[in-house]
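Please open the model in your viewer and keep the sequence panel beside it. The tour below goes from stop to stop, saying what to select and what is found there.

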Amino acid sequence: MAKIRNLFTPFSLKNLELKNRVVMPPMCQYSATDGVPNDWHFVHYTSRAIGGVGLIIVEMTNVAPNGRISPNCLGLWNDTQKDAFKKIVDSVHAHGAKIAVQIAHAGRKAQDEPNAVAPSAIHYGELDYAGQNLITPRELTTQEVKDLVQAFADSVKRAVDAGFDAIELHAAHGYLIHQFYSPKSNQRTDEYGQDKALFGVEVIQAAKKVMPSEMPLIVRISAQEYGKDGFDLDYGVAIAKRFSDAGADVFDVSGGGDGVLHKGNHPEFYAGYQVDFARKVKQATAKPVIAVGMLDNPSVADHILGIGDADLVAVGRGLLRDPYWVLNAQYQQNGADSDEVQFVPQQYQRGFA
């Protein structure tokens with residue numbers, strides 16, 4: 001069995017220093033009350049820190065009540081929420097991991113939200129998963145768009161005050177920033193319609209103003225849409241370049257989220273199926289990238305890092321199934337007596353001896 005080496009090497013950018021290249025991506029838990037994290041979130045994120053993850057990114061955390069996917073999603077629109085996050089941040093740090101938070105607004109994908117808003121009053125369309133109940137959104141006024149830029153900045157500032165090590169802006173998967181840069185969901189005639197990347201650019205710039213200069217800003221994008229009439233990879237890369245120029249430090253590169261999969265618009269689903277997107281964005285922007293997409297096999301993830309297609313890899317479902325994915329990958333791939341076996345908590349060392 002091949003030794004795993006690249007996956008367990010350190011990574012640093014600005015003041016963010018990671019002990020390995022494994023990222024836990026944002027995955028909604030739908031378990032909050034009034035946007036406030038609770039004991040479930042504390043255990044969920046702390047356990048992955050104990051398990052050796054280099055960077056944990058907290059699930060989609062919203063800038064306004066009507067920006068939540070569901071009423072049970074997290075928020076950072078008030079200080080009560082901020083204070084509850086600090087307990088989680090401190091615990092993750094105590095166990096040797098770094099932690100970021102994904103700041104977002106669902107826009108027209110806010111389920112059962114009577115005041116759902118979007119760039120244009122266009123329903124999401126055919127449902128892409130069971131249980132959705134989406135309302136045709138109200139089109140935001142130009143002033144409301146500007147107010148939302150400030151709302152993003154306010155939430156980012158609260159995240160900084162809570163002690164997070166990095167910020168991720170969710171500009172992917174059909175949520176609000178993505179809705180603005182997507183031609184099929186943005187049919188506005190004002191400045192935010194004439195320049196579809198403008199809202200995302202302004203949110204990035206506003207976030208940077210309230211972040212320490214040495215704190216990295218991650219931007220998650222859908223580099224290609226998978227639904228009918230979706231934009232292609234060339235368009236997605238052009239958006240990434242705009243966001244890079246605006247101040248993005250890292251790209252978390254995904255795809256889709258704009259509707260039901262349309263034949264010919266999406267790649268076949270296999271391990272690493274979206275890595276090509278990450279490579280293209282990295283080449284175009286010269287910024288570090290996080291690759292995503294069925295990267296649960298440590299050997300596959302290690303290979304992607306080794307050939308330089310990505311700088312970090314996100315392991316989603318694998319870390320839902322196994323909080324100790326990193327510890328087990330080290331042990332199973334490299335052996336108990338290998339120098340590559342690291343990050344084992346002292347309390348668990350007998351299990352890896």
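In which loop does tyrosine 30 lie? Select tyrosine 30 and you will find it in the loop between β3 (22-24) and α1 (39-50), where helices (H or I, at least four residues) and strands (E, at least two) are DSSP runs, numbered from the N terminus. Although tyrosine 30 is not a glycine, its phi is positive, at about 50°. Tyrosine 30 has a relative accessible area of 40% and is therefore partly exposed; buried means under 20%, exposed over 50% and partly exposed in between, with a 1.4 Å probe and protein chains only.

Before going further, please keep in mind that this is a predicted model, in which local features need pLDDT of at least 70 and side-chain atom pairs count only at pLDDT 80 or more, while totals for chains, interfaces and linings use all residues. Residues are numbered from 1 along each chain as its sequence is written, and side-chain values use heavy atoms, with hydrogens and water left out.

Next, select histidine 173, in the loop between β9 and α4 (176-181). Histidine 173 is not a glycine either, yet it has a positive phi of about 60°; with 19% relative accessibility, histidine 173 counts as buried.

From histidine 173, turn to the largest pocket, since His173 is listed with Arg220, Ser254, Tyr273 and Arg317 as lying nearest its centre, among 36 lining residues. A pocket is defined on a 1 Å grid over the protein atoms alone as an open set of points with protein on both sides within 12 Å along at least five of seven lines, whereas a cavity is a set of points where a 1.4 Å probe fits but cannot get out; lining residues have an atom within 4 Å of a point. The largest pocket holds about 1200 Å³ of space, a volume being the space filled by probe spheres set on the points, which are joined across faces, edges and corners. Its lining divides into 20 nonpolar, eleven polar and five charged residues, where Ala, Val, Leu, Ile, Met, Phe, Trp, Tyr, Cys and Pro count as nonpolar, Asp, Glu, Lys and Arg as charged, and the others, Gly among them, as polar.

Now select tyrosine 273, which is buried with a relative accessible area of 15%, and add phenylalanine 269, which at 42% relative accessibility counts as partly exposed.

How many aromatic pairs does a search of the whole structure find? There are eleven, counting rings of Phe, Tyr and Trp (its six-membered ring) whose centres lie within 6.5 Å, with planes under 30 degrees apart taken as stacked, over 60 as edge-to-face and the rest as tilted. For one of them, select phenylalanine 85 and phenylalanine 164, whose ring centres are 5.8 Å apart and whose planes stand at 65°, so the pair is edge-to-face. Because phenylalanine 85 lies in helix α2 (residues 79-94) and phenylalanine 164 in the loop between α3 (142-162) and β9 (166-171), the pair ties together parts that are 79 residues apart in sequence. Phenylalanine 85 and phenylalanine 164 are both buried. Going back to phenylalanine 269 and tyrosine 273, their ring centres are 5.0 Å apart and their planes are at 90°, so this pair too is edge-to-face. A cluster linked by ring pairs appears if you select Phe152, Phe180, Tyr192 and Phe199.

Two lysines come next. The charged end of lysine 87 sits over the ring of phenylalanine 42, 4.9 Å from its centre, and that of lysine 109 sits over the ring of tyrosine 175, 4.7 Å from its centre; the criterion is NZ of Lys or CZ of Arg within 6 Å of the ring centre and within 35 degrees of the ring normal.

Finish with the enclosed spaces: a search of the whole structure finds two cavities of 30 Å³ or more. The largest cavity, with a volume of about 50 Å³, has a lining of no nonpolar, five polar and four charged residues, including Arg108, Lys184, Glu225 and Asp258. The second largest cavity, with about 40 Å³ of space, is lined by eight nonpolar, no polar and no charged residues, among them Phe11, Leu55, Ile218 and Leu312.
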